[in-house]
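Reader: I'd like to go through this model with you and learn how you read its helix packing and its core. Where shall we begin?

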Amino acid sequence: MGKDDMIESGAGGGEFAAKDYTDPPPAPLIDSAELCSWSLYRAVIAEFIATLLFLYITVATVIGYKHQTDAAASGADAACGGVGVLGIAWAFGGMIFVLVYCTAGISGGHINPAVTFGLFLARKVSLVRALLYIVAQCLGAICGVGLVKAFQSAYFDRYGGGANSLASGYSRGTGLGAEIIGTFVLVYTVFSATDPKRNARDSHVPVLAPLPIGFAVFMVHLATIPVTGTGINPARSFGAAVIYNKDKPWDDHWIFWVGPLVGAAIAAFYHQYILRAGAIKALGSFRSNA
């Protein structure tokens with residue numbers, strides 16, 4: 001039996017007895033029976049509400065920060081006011097931590113089309129579920145940013161509506177690369193935090209999966225806010241672009257879909273086929289059956 005099929009240290013009855021683990025079977029590409037299941041629609045609703053709340057809190061934080069640091073509106077000391085880039089990053093990372101914790105047992109807590117796409121490529125969710133999640137996430141993002149505009153109508157357009165766009169001085173290639181790498185970090189963290197083998201092997205270490213995922217979002221924001229405002233979530237970028245509806249965010253909008261989806265695909269491939277040796281296992285299974 002290979003090392004991947006047995007958790008070392010468990011059989012020897014060491015200080016910490018590891019749990020057995022089994023990988024869940026691959027999700028079917030198309031599961032029409034899912035459409036008759038209330039659990040699917042409950043999960044879709046959870047994704048909609050979670051993304052709505054995520055966009056409302058985070059975009060409101062961005063607008064509030066820009067208002068507090070606007071010298072014309074807040075006086076000469078405005079540059080020292082507001083939560084700063086660190087506070088914005090905490091708002092995004094903290095909300096992901098909270099919302100993933102709340103919805104993980106219902107929908108998996110994706111709240112991001114890139115995460116859903118990566119999990120779909122890894123056969124963790126079906127095509128039907130993935131498509132419904134992405135639609136719900138985009139609609140939730142639009143509604144969340146719409147609430148910000150309704151509550152802060154005096155400041156929303158003045159301060160850019162929280163929309164993502166490429167910062168001046170950076171090429172589109174740089175922006176695309178930042179989004180690919182940032183999303184890779186996020187989706188790789190999602191796979192690692194929810195890996196059943198890790199949970200079994202490190203069963204003596206309580207791991208709260210939303211915590212590293214939230215920290216990943218926080219760290220990526222620190223690195224990429226100066227470049228793209230940090231997308232790494234196509235629904236976040238789409239919702240803000242729809243409600244703000246100015247030329248600059250739409251001109252750069254493709255970056256915030258292509259980058260995250262490519263980053264998610266690379267992360268899924270790396271985790272499933274390199275770290276978990278999915279390709280080698282498949283080849284070994286094929287040879288043993290030949």
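**Reading the helix packing**

Author: Let's start with one pair: H7 passes H12 in a right-handed crossing. Keep in mind that this is a predicted model.

Reader: How do you describe a pair like that in general?

Author: Two packed helices are described by the angle between their axes and the distance between the axes. Here, the axes of H7 and H12 come within 7 Å and cross at roughly 40°. H7 is therefore oblique to H12.

Reader: Which kinds of residues make up the contact of H7 with H12?

Author: It divides into 17 nonpolar, seven polar and two charged residues.

Reader: And at what angle do the axes of H1 and H3 cross?

Author: Roughly 165°, with the axes coming within 10 Å. Angles over 145 degrees count as roughly antiparallel, so H1 is roughly antiparallel to H3. The handedness is easy to state too: H1 passes H3 in a right-handed crossing.

Reader: Which residues in H1 and H3 meet?

Author: From H1, they include Ala-46, Ala-50, Leu-53, Phe-54 and Ile-57. Among those on the H3 side are Gly-84, Ile-88, Ala-91, Phe-92 and Met-95. By class, the contact of H1 with H3 has 13 nonpolar, four polar and no charged residues.

Reader: Okay, on to the core. How many residues does the largest nonpolar core have?

Author: It has 44, and Phe-54, Val-145, Leu-186 and Ile-213 are the ones with the most contacts inside it. Helices supplying at least two residues each include H1 (38–68), H5 (127–151), H7 (172–193) and H9 (210–228). H1 gives the most to this core, with seven residues. There's also a second, separate core of six residues, which includes Val-44, Val-128, Tyr-133 and Ala-136.

Reader: What is Leu-186 in contact with, leaving aside its neighbours within four places in sequence?

Author: Asn-112, Val-115, Ile-213, Ala-216, Val-217 and Ile-232. Ile-213 is a name you've met already, as another of the residues with the most contacts inside the largest core.

Reader: Let's try a loop residue. Is Asp-157 buried, exposed or partly exposed?

Author: Go by the relative accessible area: buried is under 20%, exposed is over 50%, and partly exposed is in between. Asp-157 has 37%, so Asp-157 is partly exposed. Its place is in the loop between helix H6 (153–156) and H7.

Reader: What does Asp-157 touch beyond its neighbours within four places in sequence?

Author: Asp-157 is in contact with Lys-149 and Tyr-244. Compare sequence with space here: Asp-157 and Ile-243 are 86 residues apart in sequence, yet 9.6 Å apart in space, C-alpha to C-alpha.

Conventions. Residues are numbered from 1 along each chain as its sequence is written. This is a predicted model: local features need pLDDT of at least 70, side-chain atom pairs count only at pLDDT 80 or more; totals for chains, interfaces and linings use all residues. Side-chain values use heavy atoms; hydrogens and water are left out. A nonpolar core is a set of buried Ala, Val, Leu, Ile, Met, Phe, Trp, Tyr and Cys residues joined through side-chain atoms within 4.5 Å. Buried means under 20% relative accessible area, exposed over 50%, partly exposed in between (1.4 Å probe, protein chains only). Helices (H or I, at least four residues) and strands (E, at least two) are DSSP runs, numbered from the N terminus. Contact means heavy atoms within 4.5 Å. Axes are lines fitted to C-alpha atoms, for helices over the stretch in contact, and angles run from 0 to 180 degrees between N-to-C directions. Angles under 35 degrees count as roughly parallel, over 145 as roughly antiparallel, 65 to 115 as roughly perpendicular and the rest as oblique. A crossing is left-handed if the near helix is turned anticlockwise from the far one by less than a right angle, and right-handed if clockwise. Ala, Val, Leu, Ile, Met, Phe, Trp, Tyr, Cys and Pro count as nonpolar, Asp, Glu, Lys and Arg as charged, and the others, Gly among them, as polar.
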